[in-house]
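Hi everyone, thanks for making room for me today. I'd like to walk you through one model, piece by piece, so please have the picture in front of you.

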Amino acid sequence: MIACLRPLIGLSCLRGRGQPPRRGAPGVVHRHAYRLLVAAAAASVALPCVAMAFPAVAGLHCHGRQDSGVARTLFHLHRDAPLPRTDGALATRASVPDRSAGRPRAPVITVAACALLAAAIWLWLARRARGVPVPAALRARQVRTDEPLFRSLIQMTPSGLCLVDIARAQPVVQNELMRRYADAAERCGMDLYAALVEGHARARSRSGPGGDPEIDEFELSHPAIDQIPARHLLVSATRVVHAQRPVLLCVLQDLTARVELQQQKDLLHEQADAAHRARSRLLAAMSHEIRTPLHGILGHLELLSRSRLDSEQQARLRRITQSADSLLLIISDVLDLERVEADQLGLEVVTFEPAVLIEGVALLYAPLAQGKGVDLDLLVDPLLASHYSGPMARIEQVLRNLVGNAIKFTPSGRIEIRLLPSQQPGALRWEVADSGIGLSASQQQNLFEPFIQADASIAGRFGGSGLGLTLCRQLCRVMGGDIDVQSTSGVGSVFGFDIPLLPAERHATAASGPLSGRQVLLHSTVIGWREELARRLRGWGAEVLLLDSLEQMGAQADRGPLPLVVFERNQRAAGPAPHAGAERVVRVRSDGPLRAALQEGAWQVSAYSAASLLQALLDAGSRSDAAQAVDQSMASRAGIG
């Protein structure tokens with residue numbers, strides 16, 4: 001019966017072929033479910049047959065109607081049972097009345113009901129076949145079709161793939177590349193499959209309970225023997241079940257090229273370190289063998305300049321001195337750059353006055369600026385603290401380099417050194433602005449690279465090695481800051497750097513300053529210097545009375561004689577005689593003396609020395625204290641350089 005039904009079931013399956021499977025239908029029909037479907041189909045066909053053949057069951061005696069005609073029986077059951085120890089028998093008889101009497105259509109109705117039931121079962125089976133067997137058959141056929149493709153992909157993959165029996169340490173399935181790995185390892189005396197099982201066990205023990213429960217990674221290597229090169233393998237393994245036994249699914253990647261490349265990099269790194277150490281020793285020898293005699297040359301040149309020489313000899317001596325200074329500067333920059341790269345540059349943190357620092361740098365380069373006819377001005381923000389803690393010597397080194405470049409590349413015009421609050425919290429900003437040749441956008445891109453200058457003509461026109469700005473950037477970064485530039489070709493440049501500094505505690509206030517309670521008249525036609533001199537005077541506690549012109553001194557006659565501070569750019573300011581209504585006159589000039597000097601009835605001081613201005617304003621009894629302050633300031637600057 002089942003053999004006869006299988007073609008029918010197959011036909012019903014074919015009818016559903018080509019239709020998309022229902023969402024959520026299983027991909028494979030279970031074998032027992034298929035058997036139940038076949039049994040149900042067989043029962044639906046056999047049920048009518050059994051119903052029709054029921055009256056002729058074997059072992060039953062059927063009889064006709066009773067003669068009385070009153071009652072009819074469908075059949076009689078008769079049974080004779082022998083009695084033990086007698087010759088007789090017990091007869092048992094039972095009759096089933098025929099309840100279908102008068103209803104001759106009952107068998108037809110029964111057969112029709114069974115036929116309807118069978119049809120309903122077949123319809124249900126056909127519907128189920130559309131949702132389960134047909135998609136499963138299609139998927140099975142697709143798997144059989146794609147099997148060669150999958151095998152080709154596994155064989156062509158650049159990684160070794162295998163299933164290893166954990167108990168026997170033998171391969172169950174593997175691709176060709178894995179077989180080659182195993183053969184090469186076996187010729188080198190290594191059982192690769194056993195090593196995979198042992199390596200996975202060690203990786204599991206190292207990972208512990210918090211490790212990845214799915215995949216473990218470890219490395220395996222075997223040495224080179226004869227013609228077989230050494231190989232380094234990265235293994236990714238996980239434990240799975242195949243054919244009801246535990247196996248390891250392993251993926252092996254060849255790391256030999258990567259490991260050899262890393263070994264070459266390590267070797268090159270060691271060689272570079274050795275070369276760097278040799279270069280450092282050479283530069284240390286240069287520092288001792290070259291700088292020492294160079295300092296002697298500069299000292300004797302300074303002594304020679306004080307002797308009696310004619311104008312031509314003085315000019316030649318100045319050129320020799322400038323050349324020696326340039327050589328010393330280049331050597332110092334190279335040595336400092338090497339110290340920065342070797343992380344051996346020390347930063348000495350001291351307490352200093354930033355305003356005094358820029359005054360010292362300006363005083364150092366003022367003669368060069370005056371020789372080129374370039375004005376050198378200062379600008380200090382009055383809201384800054386007076387004292388800070390930080391690497392003063394390195395800040396001054398960067399500032400000197402920037403000011404020197406500004407004077408070098410500014411044929412005429414003006415240079416301004418600024419001390420401003422930084423946009424970075426807890427930092428100060430130094431700026432050097434000039435009206436020099438400027439830089440284009442392309443020239444600014446590589447400006448801070450070593451041995452790089454704006455263009456090829458810079459070295460011939462202005463000299464230099466191209467290391468100064470590189471060293472400035474390295475020093476700023478070591479100090480925790482950075483340097484930047486804003487420039488326009490033909491207009492000028494602004495170089496600025498920000499350095500984090502900590503304000504130092506100073507209990508002295510303006511109320512207790514040396515000029516506390518005194519009034520001072522101030523006149524300057526240069527706005528920048530008027531603000532700078534007013535900042536200095538107010539910092540000492542003085543009350544500053546600004547004069548737009550010296551003729552306004554008459555309006556201050558009712559206040560009594562007051563000291564007058566006048567800034568003169570390049571020539572003496574026009575005005576009344578030194579003692580006309582003024583207690584004293586202090587002329588501040590960019591070419592003034594470092595110490596306050598009384599000349600022609602007026603005090604002459606340098607614009608780059610606040611201590612000399614204070615010395616000129618103090619009373620006669622306090623001038624010795626001011627002079628001592630000037631000496632201490634000069635001594636500190638000498639120690640820095």
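Let's go straight to the place where two helices touch: Met178, Tyr181, Ala182 and Ala185 in α5 meet Leu192, Tyr193 and Leu196 in α6. What classes of residue make up this contact of α5 with α6? Seven are nonpolar, and there are no polar and no charged ones. The axes of α5 and α6 lie 9 Å apart, at an angle of about 100°. Since angles from 65 to 115 degrees count as roughly perpendicular, that is therefore the word for how α5 and α6 stand to each other.

I should say early on that this is a predicted model, and I'll come back to confidence at the end.

Now for the sheet. Five strands make an open sheet, and reading across you get β4-β3-β7-β6-β5, with antiparallel pairing. Which strands stand at the edges? They are β4, residues 170–174, and β5, residues 216–222; each has a single partner strand, so one side of each is left without a neighbour in the sheet. On average, neighbouring strands here are turned by 35° against each other, ignoring direction.

How do our two helices sit on this sheet? Helix α5, residues 176–187, packs on it and touches β3, β4, β5, β6 and β7, with its direction at about 70° to that of β3. Helix α6, residues 192–207, lies across β3, β4, β5, β6 and β7 as well, running at about 135° to β5.

Let's zoom in on two strand pairs. As a reminder, strands of a sheet pair through backbone hydrogen bonds. Strand β6, residues 231–242, is joined to β7, residues 245–254, by 10 bridges, and in that pair Thr238 stands opposite Leu249. Between β3 and β4 there are four bridges, again antiparallel, and here Cys162 faces Gln174. The hairpin of β3 and β4 has four residues between the strands, and Ala169 takes a positive phi near 55° there.

Finally, confidence. The protein averages a pLDDT of 77, and 71% of the residues score at least 70. Where does it fall below 50? One stretch is residues 1–30, which has 39 contacts in the model beyond near neighbours in sequence. Another is residues 54–72, with 22 such contacts. Where pLDDT is low, the predicted coordinates should not be read in detail, so please go gently when you look at places like that.

Methods
Residues numbered from 1 in each chain as written. Predicted model: local features only at pLDDT ≥ 70, side-chain atom pairs only at ≥ 80, totals over all residues. Heavy atoms only, no water. Pairing = 2+ DSSP bridges. Axes fitted to C-alpha atoms, helices over the stretch in contact; angles between N-to-C directions. Contact = heavy atoms within 4.5 Å. pLDDT = per-residue confidence, 0-100. Parallel < 35°, antiparallel > 145°, perpendicular 65-115°, else oblique. Nonpolar A, V, L, I, M, F, W, Y, C, P; charged D, E, K, R; others polar.
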